[in-house]
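Please open the model in a viewer and keep the sequence panel visible. The tour below proceeds by selections, each followed by an account of what is found there.

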Amino acid sequence: MTSPGITEAPTADAETIRSWLGVLYGHADGHVSITSDHDNFVGRRFPATDEGLDAATEYALELDRHKPKGIYAQTTTLRELPPPGKRGGEDLAHVLTYIWADGDYGTIGHKPGLDDLPHPPTPDAVVKVVEDSGLPVPTGWGWSGGGGNPVWLLAEAHTLGDADDRAQVKKLTTDVQAILGAAAYRNGWCWDTQVGNLDRLMKLIGTVNRKPGCPERPTALGESSGAVYSLDELIAVVDQLGPQAHETLALAAKEKEQRRAARLGMKVPAPRAIRPQAQRSELGGPFDVLQDMASWADILEPAGFTFEGTHSDGREKWLRPASGGDRPSSPYSLLCNDYVAINWSDRSDLPVGKLAGGEKLTKGTVFAHLHYGGNRIAAGEDLMRAAAGKPCLPAARSLSASVLSEIRRRCQEPRQWPTRGQNPPPTIPRNTGHSNSGDSGGTNQGQEEWDEPISIDPPPLPKFPVTALGTELATIVNAVSEAYQVPVDMPALTVLGAISAAIGGRRNLHVMPGWTETTSLWAVPIAGPSELKSPMLRYFAAPIKVAEKVLREAAEPEIEMQEQERRINEARMAQAEKKAATAADKSQRDDAEADASEARRKLAEIGETRVAPRILFGDITPEAAQVRAAEHGGRIAVLSAEGTLFEILSGLYSQGRPNINFFLNAYSGDVEPTDRITRASRPMDAAHVALALVVQPAVLEGLGRQHNKALRGKGLLARFLYGYPTSLVGSRNMRPTQVPDELTTGYQLRMTSLVEQVWDTLDPTAMVFTTAATDALIEFRSQLEPRLAEGGDLHSLGDWAGKLHGQCARIAALLTLYTNPHAQRVDIQQVHQAVQMAPYLIAHARRVYDLMGRNRDAELSPARDLLAWLRRRQKPEADFSERDAWQAMKNGKEWAETADDVKDAIRSLEDYGWVAALPQPEREQGQRGRSKSPRFIPHPWVYAPPAPSLKAA
């Protein structure tokens, strides 16, 4: 095979770029990263959609116009956008769609080290290395203008999961490079084995390689076999080839060291013994893993050391951090070879010089001295905690996922699957799909270890940052959460809606010229049935209702007197008009008309009868809301534990047509002209609506399914703050601590003051933000802005996220007025508190928008129900049939409408490794009747979840 012919193509080829991106990322999720030396390898991110890949192609063409050295695509997609100015590392790696390698050839643009073997001389030699490696035939090749990139496409995109999964994938990608490096060595060549990291950049096919000192060379697509591979297939091959490859590379490294020593005239060092890989039966401590897998950078950089290059003898030079203003005077403090360090500085918190008793500064010993005062036992125990995902010091937690995963693998006692009953479950091989044929193995012949199942639990969402409410409100919210046994998110969001209701729009917020907000806040905490939504909501609404009652009682005498005067004068006017109409002579008619005019004048003087004050309303139609708002100075509030208002807004009483204009305008303080419907209604200059609606997930799911396009398109859904906390049902305390009386009294006084001093005023007044508060909001808004752009992590949520800075301004004002109803300024402290809530609000809005759209999380709900049933059975370890599952699900689960629905749920459990199909018994020839229902065996974790036993150092 030869490299594609090089043509004189000075510019990138859009069609090739787009085709290549489609092949690599067209079936992935997340963001594709395109970068080059022109943008300092920061680059831009684009959604892995058709539109996103089109935009990525355009950006590559834009970069090409600047003639960079090279244009690259990051190997994996990214889970979310990186911070500004960052490209995003392995921690953001999200979806893997291919494995690749980088085979440089020839000498143009490549310069092997003085002691390295030469690169493969030609493209055919690169192909030979791959063919000799034992790896499967690549799906295809990309030629980068000086190198060949074999690519193995995955049949299904793999979403990177927990630390174990990432470590396994990282091991796969690293071992592939080692296998190719070993094959190159056997042919007398070198190979770049350092492309295994998940954030590696691959030159984008279709662009131009403009490495300095070399002719411009276009990159191009090569031959394709069309083969695709499952991740398990690649892992199986690589696991078989990997150990021998690493031994070969160790030999190659030893020979290189000998060549270097001979070149420098140095004494050839004695060969270093290659450490055998630890086996499950030979458990080592976590320090052994540090020694084998961690680099000195992993150990020293977190402690503030800086790398200062390589010593003439090949050891790494590291400089200690400044201490108390004392900067190091030496060019380095530590010299480190592959195994031990020697410290020359008495200010580095490490023993100096050669140590007594033959002790060495190994990586584990240095780690213990720098972070644990030299206590090796404490350091080892903390490493074990980090490996188990438990609370630990930052030093242990910052180690790479692969190191922590290996600590967990080596230092964990071998797990024996517990069984119940007399018969152990049958041996089941690695789960490979849905087949119920008899290929899946024997029956009760003993017990082998299963693969760990993949979790089907919904991804965790952050809890509400209660402390951001301020000490007083946070204390109340926590107490209500405990008393009613509800997630803290519910009272936190509800109380913000209640405060907005008590203010009643009587403050206009001025952040800066051109930026104003109202105090309208729409909070929607989501909770299922039997979550004590109503009692919790009544607690926060109670003082508003008490204050409302006081206002009504105080207004009633005046209202009654006004009504009486109106009735009297209306009767006088009617009587005078009647007399004028029937008067026999002109003087009587003139007198009657004069009496009617006087009565009409007095009616005008009395004016429109005042309506008794009301703050809170029930589930109200948009038409009625507009009327009631007109009667109450333009404001209404709804605090409800039902989702009826959502149903009304979506058109429950208007033939299915959403009727939301009044609410849309009221959120911004605007109002449309309206005809007076009742005598008491008045023209409104502005409107204010406060909402706290605790609704069930099904309400929003149904809302999204029926009216998402209309309600989202008009911006209604973007105006809510959502919370979707994890339910406590099933784990609630039956004897909770009640809210202390002093907290309830304090809350009641605060809310009563708000109603009396803010709500019960005639006209809104201005509330300004201090310069520092405004600056903080502008800074927050500037951080959000790039995330809203196409390719940003908030782009798909742009309608909602585009209002988040304004929501934070409103929350800051609510927090200010809660503690001081007379406040006229919002300070930076309250802005900081509001901004602290932003990550929570973003994460929960994503989840709720998914619920109202595709609802990907709900796709696994049937499998979760089925798994819960398996665990509840009297003998959860027993096998079961499809018919058993159908009988259990059909009368209790809405999703189980047919037996096929249950079959799909079982297949999901099988895909995720929670059950495995048992062999179907062969039917006797001529046997009649219905075939037996397929049977399945549950994973041991279904009935006996493991409790890992980790050994300390």
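Begin with helix α16, residues 622–631. Its buried residues pack against three elements, namely β21 (635–640), α17 (644–649) and α18 (661–667). To see which side chains are concerned, select P622, A625, V627, A629, A630 and E631, the buried residues of this helix. Beyond the end of α16, select G633, where phi is positive, near 70°. Bear in mind throughout that this is a predicted model.

**The whole chain**

Zoom out before going further. The chain has 953 residues, of which 48% are buried. Its secondary structure comprises 29 helices and 28 strands. Among contacts with a sequence separation of 6 or more, 71% join residues 24 or more positions apart.

**The five-stranded sheet**

Next, display the open sheet of 5 strands to which β21 belongs. Reading across, the order is β20-β21-β22-β19-β23, and the pairing is parallel. Colour β20 (616–617) and β23 (720–723) separately: these are the edge strands, each of which pairs on one side only. At the β23 edge, select strand β19, residues 522–525; this strand runs parallel to β23 and is joined to that strand by 4 bridges. For a single point of reference, pick V524, which stands opposite Y722 of β23. Now add helix α13, which packs on the sheet and touches β19, β20, β21, β22 (688–693) and β23. The direction of α13 makes about 160° with that of β22.

**S640 in strand β21**

Centre the view on S640, which is located in strand β21. Is S640 buried or exposed? With a relative accessible area of 9%, S640 falls below the 20% cut-off and is therefore buried. Show its surroundings: apart from neighbours within four places in sequence, S640 is in contact with L537, D619, A692, L693 and V694. Then set a distance monitor from S640 to V695, C-alpha to C-alpha; the two are 55 residues apart in sequence and 8.2 Å apart in space.

**Helices α13 and α14**

L537, one of the contacts of S640, also belongs to the next selection, as one of the α14 residues that meet α13. Two packed helices are described by the angle between their axes and the distance between the axes. Select α13 (residues 489–503) together with α14 (residues 533–582); their axes come within 10 Å and cross at roughly 30°. The two helices are therefore roughly parallel to each other, and α13 passes α14 in a right-handed crossing. For the side chains at the contact, show M490, P491, T494, V495, A498 and A501 on α13, and K533, M536, L537, F540 and I544 on α14. By class, these residues are 9 nonpolar, 1 polar and 1 charged.

**The four-stranded sheet**

Move to the second open sheet, which has 4 strands in the order β18-β17-β24-β25 with mixed pairing. The edges are β18 and β25 (825–826); each has a single partner strand, so one side of each is left without a neighbour in the sheet. Strands of a sheet pair through backbone hydrogen bonds, either parallel or antiparallel.

Start with strand β17, residues 507–512, and strand β24, residues 765–769, which pair in the parallel sense over 4 bridges. R507 stands opposite T765 in β24 and serves as a marker for this pairing. Then turn to strand β18, residues 515–517, which pairs with β17 in the antiparallel sense over 3 bridges. Here H510 has T516 of β18 as its bridge partner. Strands β17 and β18 form a hairpin with 2 residues between them, and G514 in the turn has a positive phi of about 90°.

**L383 in helix α9**

For the last stop, select helix α9, residues 376–387, and within it L383. What is the relative accessible area of L383? The value is 0%, so L383 is buried. Leaving out residues up to four places away in sequence, L383 touches P286, F287, L290, F367, A396, L399 and I407. Finally, set a monitor between the C-alpha atoms of L383 and R397: they are separated by 7.9 Å, and the residues lie 14 apart along the chain.

Terms used
Residues numbered from 1 in each chain as written. Predicted model: local features only at pLDDT ≥ 70, side-chain atom pairs only at ≥ 80, totals over all residues. Heavy atoms only, no water. Axes fitted to C-alpha atoms, helices over the stretch in contact; angles between N-to-C directions. Parallel < 35°, antiparallel > 145°, perpendicular 65-115°, else oblique. Left-handed = near helix turned anticlockwise from the far one by under 90°. Contact = heavy atoms within 4.5 Å. Nonpolar A, V, L, I, M, F, W, Y, C, P; charged D, E, K, R; others polar. Buried < 20%, exposed > 50% of the residue type's maximum accessible area, 1.4 Å probe, protein only. Pairing = 2+ DSSP bridges.
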